[in-house]
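The exercises below ask you to read a model by eye and then to check each reading against a worked solution. Please inspect the structure before turning to the solutions.

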Amino acid sequence: IYTPSAIRVVIGAKVICLGLGVLVGYVAGMQFEQLLFGLSLGGIGGYLAPLFWIKAKTATNQRELTNALADALDLMVVCVEAGLTVDAAMQRVGQELSLAHPALSRELGMTHMETRVGLPRAEVLKNLALRTGNAALQSLSAMLIQADRFGTSIADALRVHSETLRLNRQMAAEEAAGKASVKMSFPLVLCIFPATFIVLAGPTVIQLLKSSLFQ
C-alpha cells in the first residue's frame, strides 16, 4: 500500500475499531453479566482487526506476485530475444500484464520509473526485492544482477528461472494435495463417521430395544 496517508489511515482505523469493539463488548458483557471480560475482549479484538486485515492483504499480494512471475518471465524472454534491453523488457511486460496481474505490473512499473530517474540497474533490482519482500522476486533480482555482472545470457537465465519457478509451483501443489487427505481425516472421523453410524445402526438399535430381550 503506497498511499502516503496509509499509516494515518491504519492508526485511525485502530482507534475507530477499538471504540466499536469496546461498545460491542459492553453490550455483550451487560447481557452475559461479564462486563469486564466483554470490554477487554472487544477492545483487543477491535484494536487488532486492522492488523489482521493488513496481514491478509500482504499474504494475498505475495501470492499474486508469485503466481504472476512465471508468466512475466516468459514474456521477458520473448522481449529480450527480440532485441529489447532488460529495462525495456520489464517496462513492456509490466504494460502487458496490467490486466491479468496488476500487482506485478505495478511493481515492474515502479522499477522502470526508478531506472528512468537515473538509478543503476543493480540498485533498482535490489529495491524491487526489498520493496516486495517476495522470495521469487528476490531470487530473480539476484539472478539478473549476477547475469549482468558476469555477462551471461539474460534470455537463458530467465528461461531457466521460469522453469524453476514452475517446478516449485508444481511441487507446492503436490504437497498441498498430499496434506489434503490428512486434513480431511479429522472432520471425517468427528462428523461423517458418527452420522453414518447413526443412520446405519439406528434402526437396528431401535428394533433391538423393542424386542423381548429388553422387555
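**Exercise 1: helix H6**

In this predicted model, the buried residues of H6 are Ala136, Leu137, Leu140, Ser141, Met143, Leu144, Ile145 and Ala147. Determine which helices these buried residues pack against, and describe the span and the two ends of H6.

*Solution.* Begin with the partners: the buried residues of H6 pack against helix H2 (35-81), H4, H5 and helix H7 (154-210). Next, take the span, for which H6, made up of 16 residues (135-150), reaches 23 Å from its first C-alpha to its last, close to the 22 Å expected at 1.5 Å a residue. Then look at the start of H6, where a side-chain oxygen of Asn134 comes to within 3.0 Å of the backbone nitrogen of Ala136. Finally, move to the other end, where Gly151, just after H6, adopts a positive phi of about 75 degrees.

**Exercise 2: the cavity**

Find how many cavities of 30 Å³ or more the whole structure holds, and work out which elements line the largest cavity.

*Solution.* A search of the whole structure yields one cavity of 30 Å³ or more, and the volume of the largest cavity is about 50 Å³. Its lining consists of Asp87, Met90, Leu108, Thr111, His112, Thr115, Arg121, Val124 and Leu125. Assigning these to elements, one finds that helix H3 (86-96), helix H4 (102-116) and helix H5 (121-132) each give two or more residues to the lining, with the largest share, four residues, coming from H4. Sorted by class, the lining has four nonpolar, three polar and two charged residues.

How values were computed:
Residues numbered from 1 in each chain as written. Predicted model: local features only at pLDDT ≥ 70, side-chain atom pairs only at ≥ 80, totals over all residues. Heavy atoms only, no water. 1 Å grid on protein atoms, 1.4 Å probe; cavity = no way out; pocket = protein on both sides within 12 Å on 5 of 7 lines; lining within 4 Å. Points joined across faces, edges and corners; volume = space filled by probe spheres on them. Nonpolar A, V, L, I, M, F, W, Y, C, P; charged D, E, K, R; others polar. Expected span 1.5 Å × (residues − 1). Buried < 20%, exposed > 50% of the residue type's maximum accessible area, 1.4 Å probe, protein only. Contact = heavy atoms within 4.5 Å. Polar contact = N/O pair within 3.5 Å; in protein donor to acceptor, adjacent residues only side chain to side chain.
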